Every structure is written in C-alpha cells, then in structure tokens.
Amino acid sequence: MNRRYRKTVIAGNWKMNMLPSETKDFVTRLRDETADCKWCDIVLCVPFTHIYQAVKAAKGTKIAIGAQNCHQAAKGAYTGEVSCAMLADLGVKYVIVGHSERRAYFGETDESVNQKVHAALEAGLRPIICLGESLEIRENGAELDFVRTQLKLALKGIAPQSLKKIIIAYEPIWAIGTGKIATPRQAGEVGSAIRETLRSLYGARAARGVSVLYGGSLNKDNAEAMLAMPDVDGGLIGGASLDAASLNSIIKAADQ
Ligand code: PEP
C-alpha cells in the first residue's frame with residue numbers, strides 16, 4: 001500500500017451467493033464492525049437481485065455497493081442484460097469488469113471488457129478491471145507480458161482524466177477460489193508491472209494514483225503480508241467476503 005498517493009480499497013465479490021433477504025443483516029453487521037475504519041474504501045459487489053437491499057442498508061455508511069457485471073450498451077434489445085445507467089440509478093458506485101469467471105464462462109473478451117469500461121465511466125460508475133494469467137501462462141514465465149497486454153486492451157481509448165476513477169484488480173486465475181494464494185512477492189511484482197504500464201500510458205502522476213488490488217484466496221491470515229507490498233493497494237475478495245467477520249478482519253488489516 002502507499003497511502004500517500006492512492007486509496008486502499010477492500011472489495012468483496014459475493015459472486016452468485018447469498019440471498020437478497022440475507023443482504024440487510026450482512027450489511028448492517030459489516031457497517032457496525034467497520035464504523036471506525038479510517039483509511040480504507042469498502043466496496044461490496046453483490047448480485048443484481050441484491051442491489052436494492054444492499055444500497056438501502058448501506059446508505060449513510062462507509063460501505064459502497066458495486067455490481068459484478070454490466071452490459072456495454074446504454075440500452076436496447078439485450079434481453080436479460082443490465083446497463084450501467086440502470087446500476088447507477090439504483091445507487092451503485094462500482095462495477096467489476098472482466099472477472100476471469102466471466103471471461104471463461106460467458107465469452108467476455110478483451111474487446112468487450114474495454115467497451116464495458118467505457119460504458120461504466122460514461123454512467124459515472126467506477127470500474128474494477130480484473131486482469132490475471134492462467135497457471136499455464138505463469139508456468140511459461142509469460143505472466144507479466146500477458147497482464148500488460150490485458151491492461152492496455154482494457155484501457156484502449158480511455159482518457160487520462162478518467163484514470164482516477166479506475167481500479168485494477170490483479171487476480172491470477174490459478175489462485176481464485178483454490179486456496180492457493182500468490183506470494184506477496186509474486187503479487188507485488190505484477191502490481192509493479194501494472195503501475196509501470198500505467199506510467200507508460202498516462203505518465204507517472206496519473207499512474208501513482210491508481211489503486212491496484214490483489215485477488216485470489218485472500219483471507220484474514222494472509223492479508224497483512226500481501227498488503228505490505230507497495231503495489232498492492234487492497235484486495236478483491238471472493239470466498240472470504242461471504243462472512244462479515246472475515247471480511248471485517250481483512251478490512252482491519254488494510255486499515256492499520
Ligand atoms: C474473486 O473471484 O474475485 C476472488 C478473488 O475469489 P476468492 O477470494 O474466493 O479466491
């Protein structure tokens with residue numbers, strides 16, 4: 001973390017878990033436990049069906065609500081899809097874009113990720129752009145090039161003044177939901193490569209303001225070491241975000 005230049009962000013990703021009726025209690029509990037949080041931005045990315053309850057329960061607290069996906073078009077004949085304007089109108093502030101599960105199971109490409117980043121910014125949402133390599137790519141030693149390319153494609157056409165709205169999440173696919181976490185050194189190395197790439201695209205000043213999160217089996221026991229890396233500015237948390245106490249422990253580790 002480097003609080004001098006950028007925010008520390010802890011974002012939970014519930015994926016397709018929890019019920020709308022469980023949302024209010026969870027948010028209320030998290031609100032109470034994080035009331036004294038000073039340094040950390042807290043985001044909870046819930047399923048579309050939970051957004052209304054989540055926004056209502058989080059009103060006036062330090063918790064911002066995010067979505068886990070959006071459609072790139074502003075509106076139209078896209079049955080079953082949800083636009084960024086719809087999310088913003090509900091009070092959503094963040095949206096995860098390009099999560100590896102969406103890339104793997106729902107045909108999301110670097111091109112659609114880029115379109116979604118544009119759509120999110122246009123609607124006033126802050127995109128959390130997910131990047132990360134497969135195990136095969138890492139075993140071939142190609143992870144830095146892979147992540148740099150994903151980042152450049154995701155940011156194609158994004159104006160320098162929009163960069164401060166963007167959050168990057170480095171999520172190695174082999175560490176997501178597997179219990180196999182990257183070492184702080186591995187995450188820090190990719191985090192630095194991401195920042196270097198941002199620097200080459202937008203200049204040093206803009207690059208140093210971007211929060212780069214790590215995601216992949218982060219929990220209360222490994223968060224502190226991970227967050228000690230200068231280019232790991234927080235976490236995107238799946239499994240451990242389903243329990244308010246464990247999410248709160250990670251927030252506490254980030255808020256020290
Ligand atoms: C995720 O899917 O964004 C994630 C990081 O999941 P987990 O924490 O469960 O590995």
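A molecule is taken to sit in a pocket if more than half of its atoms lie within 2 Å of the grid points of that pocket. By this criterion, the ligand in the present structure, which is a predicted model, sits in the second largest pocket.

The surroundings of the ligand were examined next. The shell around the ligand consists of 14 residues, and the closest of these are Lys15, His99, Glu171, Gly177 and Ser217. Divided by class, the shell holds eight polar, four nonpolar and two charged residues.

Side chains of three residues named above make polar contacts with the ligand. In Lys15, a side-chain N or O atom is found 2.5 Å from an oxygen atom of the ligand. For His99, the distance between a polar side-chain atom and a ligand oxygen atom is 2.7 Å. Glu171 likewise places a polar atom of its side chain 2.7 Å from an oxygen atom of the ligand. On its own the ligand has 300 Å² of accessible area, of which the protein covers 95%.

The cysteines were considered separately. The number of disulfides is zero, where a disulfide requires two cysteine sulfur atoms within 2.5 Å. Cys37 takes part in no disulfide, and the cysteine sulfur nearest to that of Cys37 belongs to Cys40, at 4.7 Å. Cys37 has a relative accessibility of 5% and therefore counts as buried, the limit being under 20%.

Cys70 was examined in the same way. The closest cysteine sulfur to that of Cys70 is in Cys84, and the separation of 3.5 Å is too far for a bond. With a relative accessible area of 1%, Cys70 is buried.

Methods. Residues are numbered from 1 along each chain as its sequence is written. This is a predicted model: local features need pLDDT of at least 70, side-chain atom pairs count only at pLDDT 80 or more; totals for chains, interfaces and linings use all residues. Side-chain values use heavy atoms; hydrogens and water are left out. A residue is near a molecule or strand if one of its heavy atoms lies within 4 Å of it. A polar contact is a pair of N or O atoms within 3.5 Å; within protein, one must be able to donate a hydrogen and the other to accept it, and residues adjacent in sequence count only if both atoms are side-chain atoms. Accessible areas come from the Shrake-Rupley method with a 1.4 Å probe; for residues, only the protein chains shown count as cover. On a 1 Å grid over the protein atoms alone, a cavity is a set of points where a 1.4 Å probe fits but cannot get out, and a pocket is an open set with protein on both sides within 12 Å along at least five of seven lines; lining residues have an atom within 4 Å of a point. Ala, Val, Leu, Ile, Met, Phe, Trp, Tyr, Cys and Pro count as nonpolar, Asp, Glu, Lys and Arg as charged, and the others, Gly among them, as polar. Buried means under 20% relative accessible area, exposed over 50%, partly exposed in between (1.4 Å probe, protein chains only).
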